[in-house]
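Visitor: I would like to be taken through this structure step by step, with the reasoning behind each answer laid out. Where shall we begin?

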Amino acid sequence: MINIRTEEEIELLRQNNELVSQTLAEVAKIIRPGIATRVLDRRAEEFIRDHGAKPGFLGYNGFPASLCVSVNDTVVHGIPSGYELRDGDIVSVDCGTYMHGYYGDSAFTFGVGEVPPAVQRLLEVTRESLELGIEAAVEDARVGHIGHAVQAYAERNGYTVVRELVGHGLGRNMHEDPEVPNYGLRGVGPKLRAGMVICIEPMVNMGSKNVYQDSDGWAIRTRDGKPSAHFEKAVVIRSGKAQQLTTFAYIDEVLQRLNN
Ligand code: MG
Ligand code: MG
């Protein structure tokens with residue numbers, strides 16, 4: 001069943017996704033070579049709780065942390081650990097919150113130190129593919145329009161999109177209908193209606209699209225060991241352009257400050 005949200009519900013979802021946006025910027029402040037990924041997780045959990053929410057991922061299907069931290073060939077669902085980020089790594093940070101009965105969910109992939117230009121390009125194209133997916137997410141279009149936009153752009157740039165993991169509806173549960181694949185055909189899938197809240201989250205691989213699950217039971221990794229990038233925003237379907245509940249503006253401010 002696909003939920004249509006009232007404006008009151010959308011406001012609560014907006015508050016959650018605003019907090020996720022701020023949390024990812026807090027994490028951005030401390031990403032650097034030498035920092036252990038579990039330190040990022042601790043910082044996020046502290047920030048989320050300080051703002052009156054609960055970490056949305058902690059305990060979700062038994063997940064042991066507040067963030068998914070996925071380095072290099074890990075696509076998503078990486079468990080924070082003692083691994084210390086290295087110069088040239090890329091790290092996807094996926095964050096969820098829960099408060100007032102609703103969830104927030106967003107992800108951003110960061111470069112650590114000096115990232116090779118080819119990998120930097122993967123990050124840029126994946127982020128752009130998310131924005132193209134959002135542009136396609138208009139009332140009366142179908143879910144397939146979103147996936148088509150993401151896939152066409154990623155593949156035009158020489159990359160592949162992961163099939164096994166998809167975006168989703170967001171609301172009283174972290175993962176609701178509809179599934180929002182990052183591939184597909186225009187005109188296929190459920191119709192987008194005003195008031196639907198969905199997460200669009202392209203996972204784009206530099207090499208082949210094939211992935212496998214790590215023996216830890218969580219991390220999804222590329223078969224060929226090549227890097228993968230992941231960006232995610234929550235949006236509300238409106239007549240005309242979708243309304244973004246997530247903003248990367250706080251992250252961009254932090255990254256700009258760190259680069260100057
Ligand atoms: Mg998600
Ligand atoms: Mg997520």
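**A guided reading of the model**

Guide: Since this is a predicted model, each statement below describes the model's atoms. One buried residue serves as a point of entry: Glu 201 has a relative accessible area of 7%.

Visitor: Which residues coordinate the magnesium ion (ligand 1)?

Guide: The donor residues follow the spacing D-x62-H-x32-E-x30-E in sequence, and their distances to the magnesium ion (ligand 1) run from 2.0 to 2.3 Å. The aspartate and the two glutamates contribute OD and OE atoms, while the histidine contributes NE2. The residues in question are Asp 105, His 168, Glu 201 and Glu 232.

Visitor: How many residues apart in sequence are the parts that Glu 201 and Glu 232 tie together?

Guide: Both glutamates are ligands of the magnesium ion (ligand 1). Glu 201 belongs to the loop between β9 (197–200) and β10 (203–205), whereas Glu 232 belongs to the loop between β13 (228–230) and β14 (233–236), so the pair joins parts of the chain whose separation is 31 residues.

Visitor: Is Glu 232 buried or exposed?

Guide: The cut-off for a buried residue is a relative accessible area under 20%, computed on protein chains only. For Glu 232 the relative accessible area is 0%, and Glu 232 is therefore classed as buried.

Visitor: Which residue bridges the magnesium ion (ligand 2) and the magnesium ion (ligand 1)?

Guide: The magnesium ion (ligand 2) is coordinated at 2.0 to 2.5 Å by OD atoms of Asp 94 and Asp 105 and by an OE atom of Glu 232, with the donor residues spaced D-x10-D-x126-E in sequence. The two magnesium ions lie 3.1 Å apart, and the residue that bridges them is Asp 105.

Visitor: Which strand holds Asp 94, the donor that is paired with the distant Glu 232?

Guide: At the magnesium ion (ligand 2), Asp 94 and Glu 232 are both donors. They link parts of the chain 138 residues apart, with Glu 232 in the loop between β13 and β14 and Asp 94 in strand β4 (residues 90–99). Asp 94 counts as buried, at 6% relative accessibility, and the strand that holds Asp 94 is β4.

Visitor: Which residue of β4 is the bridge partner of Val 69?

Guide: Strand β2 (residues 67–71) has 5 of its 5 residues buried, with Leu 67, Val 69 and Val 71 on one side and Cys 68 and Ser 70 on the other. In a regular strand the side chains alternate between the two faces of the sheet. The pairing of β2 with β4 is antiparallel and extends over 5 bridges, and within β4 the partner of Val 69 is Val 93.

Visitor: Which strands stand at the edges of the open sheet that contains β10?

Guide: The open sheet has 3 strands in the order β6-β10-β13, with antiparallel pairing. Its edge strands each have a single partner strand, so one side of each is left without a neighbour in the sheet, and these strands are β6 (160–161) and β13.

Visitor: At about what angle to β13 does helix α3 run?

Guide: β10 and β13 are joined by 3 bridges and run antiparallel, with Ser 228 of β13 as the bridge partner of Asn 205. Helix α3 (residues 117–136) lies across both of these strands, and its angle to β13 is about 35°.

Visitor: Which backbone nitrogen does the side chain of Thr 246 reach?

Guide: Thr 246 sits in the loop between β15 (243–244) and α5 (249–259) and is buried at 3% relative accessibility. Beyond its neighbours within four places in sequence, Thr 246 is in contact with residues including the metal ligands Asp 105 and Glu 232. At 2.9 Å, the side chain of Thr 246 reaches the backbone nitrogen of Ala 234.

Visitor: Is the crossing of α1 and α2 left-handed or right-handed?

Guide: Helix α1 (residues 7–30) packs against helix α2 (residues 37–50) at an angle of about 140°, and their axes are 9 Å apart. The residues that meet include Leu 19, Val 27 and Ile 30 in α1 and Val 39, Leu 40 and Phe 47 in α2. The crossing is right-handed.

How values were computed
Residues are numbered from 1 along each chain as its sequence is written. Chains are lettered from A and ligands numbered from 1 in the order in which they are written. This is a predicted model: local features need pLDDT of at least 70, side-chain atom pairs count only at pLDDT 80 or more; totals for chains, interfaces and linings use all residues. Side-chain values use heavy atoms; hydrogens and water are left out. Donors are N, O and S atoms within 2.8 Å of the metal (3.2 Å for Na, K and Ca); water is not among the atoms, so sites may look incomplete. Helices (H or I, at least four residues) and strands (E, at least two) are DSSP runs, numbered from the N terminus. Buried means under 20% relative accessible area, exposed over 50%, partly exposed in between (1.4 Å probe, protein chains only). Two strands pair if DSSP finds at least two bridges between them. Contact means heavy atoms within 4.5 Å. Axes are lines fitted to C-alpha atoms, for helices over the stretch in contact, and angles run from 0 to 180 degrees between N-to-C directions. A polar contact is a pair of N or O atoms within 3.5 Å; within protein, one must be able to donate a hydrogen and the other to accept it, and residues adjacent in sequence count only if both atoms are side-chain atoms. A crossing is left-handed if the near helix is turned anticlockwise from the far one by less than a right angle, and right-handed if clockwise.
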